[in-house]
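Me: Could you take a close look at one part of this model for me, the long stretch toward the end and what it packs against? Give me the cut-offs as you go.

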Amino acid sequence: MWYLIVFLISMVPIVELRGAIPVAVANHLNIFVSYVICIIGNMLPVPLIYLFARKVLVWGSDKPVIGKFFSFCLEKGKHGGEKLEKKAGNGLFIALMLFVGIPLPGTGAWTGTLAASILDMGFKKSIAAVMLGVLIAGIIMGTGSVLVANGISFIFAP
């Protein structure tokens, strides 16, 4: 049951794998199995985001009720893409990989894929960069979560 919950958490925008791995560690799940499940869950929406998100956001940006949120998402993706492009120059692949790989708020697979889509980076190149970034973020979050959990156990153990 917890593996399913971790899988679903890893699919949620903004939270993604960055929130799912600590949940797995907190519930004493096998870290390696959880890592694989979280990566699959985090990557599952990525092709759909690349292919359809920009189209849906553009379509909905002028609609009542959803328009403000859709416009916000478009601006966030555009801003992230421009920021990446400005810093990266020809190293856009590495920049996207690091953008997704460094586990900070708003820098996950969803935002990275949307930015790549807005920049017309190319499907295969975008998916590969995001995948490597997700692998990096998973290693960072897994290592950090285990260290924190062990530190807390050490401090509060009887």
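Reply: The buried residues of helix 8 pack against helix 2, helix 3, helix 4, helix 6 and helix 7, with contact meaning heavy atoms within 4.5 Å. Helices here are DSSP runs (H or I, at least four residues), numbered from the N terminus. This is a predicted model, where local features need pLDDT of at least 70, side-chain atom pairs count only at pLDDT 80 or more, and totals for chains, interfaces and linings use all residues. Residues are numbered from 1 along each chain as its sequence is written, and side-chain values use heavy atoms, with hydrogens and water left out.

So who's buried in helix 8? The list is Ser126, Ile127, Ala129, Val130, Gly133, Val134, Ala137, Gly138, Met141, Gly142 and Ser145; buried means under 20% relative accessible area (1.4 Å probe, protein chains only). As for length, the 34 residues of helix 8 should span 50 Å at 1.5 Å a residue, and the end C-alpha atoms sit 48 Å apart, which agrees. The expected span is 1.5 Å times one less than the number of residues.

Now flip to one of those partners, helix 3 (residues 31–43). Its buried residues are Ser34, Ile37, Cys38, Ile39, Gly41, Asn42 and Met43. They pack against helix 1 (2–11), helix 2 (16–26), helix 4 (46–60), helix 7 (109–118) and helix 8 (123–156). Helix 3 passes the length check too: its 13 residues should span 18 Å, and its end C-alpha atoms are 18 Å apart.

Terms used:
Helix = DSSP H or I, 4+ residues; strand = E, 2+ residues; numbered from the N terminus. Buried < 20%, exposed > 50% of the residue type's maximum accessible area, 1.4 Å probe, protein only.
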